[in-house]
Amino acid sequence: MTQQEIPIFDANSTMFQNIGLLKVAETATRQHGDIVAIRVSDTRDLYIAGNPECFHYWRSHQGHFQTDLGDIASNQAITRMLLGDELQDPRWSDIWVLTANRMSAIARDFDGWLETALAEATKTLIRDLPQDGTAVDLRDLCRDWSIRAVCPAIFGADIDVAEIAQGVADVEGFYFAMSTQDAAETADHEKMPEFQAARGFLDKAISAALNGSTGSDSNLIAQIATAIPPDVSAADRLNLLRPTVGHVITEKLNIGGLSLLWTLVQLAQDPKLVADIRTECLGKDPLKMSDLDSPLASSTVKEGLRLFPELPFIYRITSEAVTMGDYVIPSGATVVFAPWLIQRDPRFWEAPKRFQGDRFLEQTKHDAHYFPFGVGARIRSRANFMLHQLTLAARTICSSQTFALSPECPRGNIRPLLRSALIPRGAVPVVFNPCTSSAEPVDDHALADAPQ
């Protein structure tokens with residue numbers, strides 16, 4: 001087959017830089033097809049891979065792609081900078097084995113601690129809702145829920161949610177600085193104020209947990225610390241714990257609770273769906289029931305992740321020339337895999353821009369076109385964890401509350417903006433009211449297309 005030249009979409013202008021990658025990618029693929037080179041500067045192209053076949057190629061040929069992005073630091077590289085790699089030092093090889101074995105030994109207990117934290121976080125969310133009809137900003141509500149749902153199992157029950165929220169923002173700030181500043185500015189990353197703030201948060205949080213815990217406490221730091229010999233200095237102990245703790249946070253924490261936020265935004269516009277989820281939970285404790293017993297809640301969560309994937313774009317560098325369809329993408333090229341495009345493509349989805357809570361009731365119908373977390377074995381583990389977290393929270397909220405967007409919520413605020421994740425453009429005020437057990441489902445209605 002004759003290879004075709006990859007079409008180029010010129011986005012090297014102020015206008016396209018201002019509208020952002022979401023709209024640029026949509027426009028480029030609409031004009032030129034699934035594989036297109038987006039020219040973002042005089043010296044750099046991004047190759048958009050906007051169909052499922054590209055994902056399946058990546059899944060089968062992961063050795064053809066790397067995560068380090070040349071002059072641009074990848075998330076994986078930034079994580080190594082932030083957490084350090086003390087455990088990789090040969091002098092600590094014995095302790096690496098001890099901590100790994102301890103992690104394996106407490107894995108089931110840790111799952112239980114996370115489940116307890118999730119239940120308590122969800123109960124706290126509902127308990128703290130205003131009872132007088134006052135609107136609450138979903139951004140704050142979901143951010144605090146996401147922290148409470150994970151961090152007690154890692155750091156212990158005595159956490160300062162506001163302090164952790166600021167610390168997580170500092171970590172995000174370091175990632176943003178490393179991925180946007182030029183090489184000269186990031187050459188000595190340890191001198192960057194963003195690095196110092198992010199590392200300072202992690203070290204303070206870990207140190208506080210170490211000082212406030214004993215070996216019998218039910219949290220990750222307390223238990224992993226028991227595997228480190230007592231003659232290891234406090235500074236070395238911190239360096240040895242930081243990579244393990246940091247990677248667990250990365251795997252378990254949904255930054256900002258954004259996946260829950262986007263699902264609640266859609267539910268707030270569909271009282272019939274909320275009532276139907278409440279009905280499937282009648283007579284059961286939503287905090288304890290199996291996810292299999294709440295299929296509509298699970299489907300609704302998956303639909304939220306379809307329209308608002310955790311990773312709307314995934315960057316990789318080709319380690320050799322790769323053939324995708326009729327095109328050859330050269331070695332060293334930046335390839336952008338695009339769940340944002342695939343999961344909204346009318347070729348694969350009926351009414352793709354419409355939020356349909358029951359879309360995923362047929363469990364495997366859409367597997368080939370659904371990549372909200374990316375691909376890979378570790379991704380599957382995170383996906384299963386996040387889907388359970390979100391399903392439990394969604395069904396519990398729907399079981400006890402009726403809720404709607406506040407009339408003061410600007411529609412533009414619920415249009416997603418791409419940063420490191422999809423964020424709302426401003427405050428998302430929602431009014432919650434406790435529902436009664438006798439509440440009747442509301443009449444069906446045609447739900448408007450989800451904000452784009």
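**Figure 1. Six aromatic residues gather into one cluster.** Phe55, Tyr57, Trp58, Phe65, Phe337 and Phe371 make up this aromatic cluster. The model shown here and in the other views is predicted. Across the structure, 14 aromatic pairs are found.

**Figure 2. Phenylalanine 360 and tyrosine 370 form a tilted aromatic pair.** The ring centres are 4.8 Å apart, and the planes meet at 50°. Both residues lie in the loop between helix 16 (339-342) and helix 17 (377-400), so the pair ties together parts that are ten residues apart in sequence. Phenylalanine 360 is buried. Tyrosine 370 is buried too.

**Figure 3. Phenylalanine 403 and phenylalanine 432 form a stacked aromatic pair.** Here the centre-to-centre distance is 5.1 Å, with 25° between the planes. Phenylalanine 403 belongs to strand 10 and phenylalanine 432 to strand 13, so the contact ties together parts that are 29 residues apart in sequence. Are these two rings buried or exposed? Phenylalanine 403 has a relative accessible area of 8%, and because the cut-off for buried is under 20%, phenylalanine 403 counts as buried. Phenylalanine 432 is buried as well, at 1% relative accessibility.

**Figure 4. Three strands form an open antiparallel sheet.** The strand order is 5-13-10. Strand 5 (136-137) and strand 10 (401-405) are the edges. Each has a single partner strand, so one side of each is left without a neighbour in the sheet. Five bridges join strand 10 to strand 13 (residues 429-434), in the antiparallel sense. Glutamine 401 faces proline 434 of strand 13. The stacked pair of phenylalanine 403 and phenylalanine 432 also links these strands, with phenylalanine 403 in strand 10 and phenylalanine 432 in strand 13.

**Figure 5. Six strands form an open sheet with mixed pairing.** The order is 1-2-3-9-6-4. Which strands stand at the edges? They are strand 1 (8-10) and strand 4 (65-66), each pairing on one side only. Strand 3 (residues 45-49) and strand 9 (residues 334-337) run parallel, joined by four bridges. Isoleucine 48 has valine 336 of strand 9 as its bridge partner.

**Figure 6. Helix 1 lies across strands of the six-stranded sheet.** Helix 1 covers residues 14-32. The strands crossed are strand 1, strand 2 (35-39), strand 3 and strand 6 (314-318). Relative to strand 1, helix 1 runs at about 150°.

**Figure 7. Helix 6 crosses helix 8.** Two packed helices are described by the angle between their axes and the distance between the axes. For helix 6 (residues 138-148) and helix 8 (residues 161-180), the axes come within 10 Å and cross at roughly 100°. Helix 6 is therefore roughly perpendicular to helix 8. Helix 6 contributes Arg143, Asp144, Ile147 and Arg148 to the contact. Helix 8 contributes Val161, Ile164 and Ala165. By class, four residues of this contact are nonpolar, three are charged and none is polar.

**Figure 8. Helix 13 is largely enclosed by the rest of the structure.** How many residues of helix 13 (residues 258-267) are buried? Ten of the ten are. Nonpolar side chains appear among them, including Leu258, Leu260, Leu261, Trp262, Leu264, Val265 and Leu267. Ser259, Thr263 and Gln266 are buried too.

Notes. Residues numbered from 1 in each chain as written. Predicted model: local features only at pLDDT ≥ 70, side-chain atom pairs only at ≥ 80, totals over all residues. Heavy atoms only, no water. Axes fitted to C-alpha atoms, helices over the stretch in contact; angles between N-to-C directions. Helix = DSSP H or I, 4+ residues; strand = E, 2+ residues; numbered from the N terminus. Parallel < 35°, antiparallel > 145°, perpendicular 65-115°, else oblique. Contact = heavy atoms within 4.5 Å. Pairing = 2+ DSSP bridges. Phe/Tyr/Trp six-rings, centres within 6.5 Å; stacked < 30°, edge-to-face > 60°. Buried < 20%, exposed > 50% of the residue type's maximum accessible area, 1.4 Å probe, protein only.
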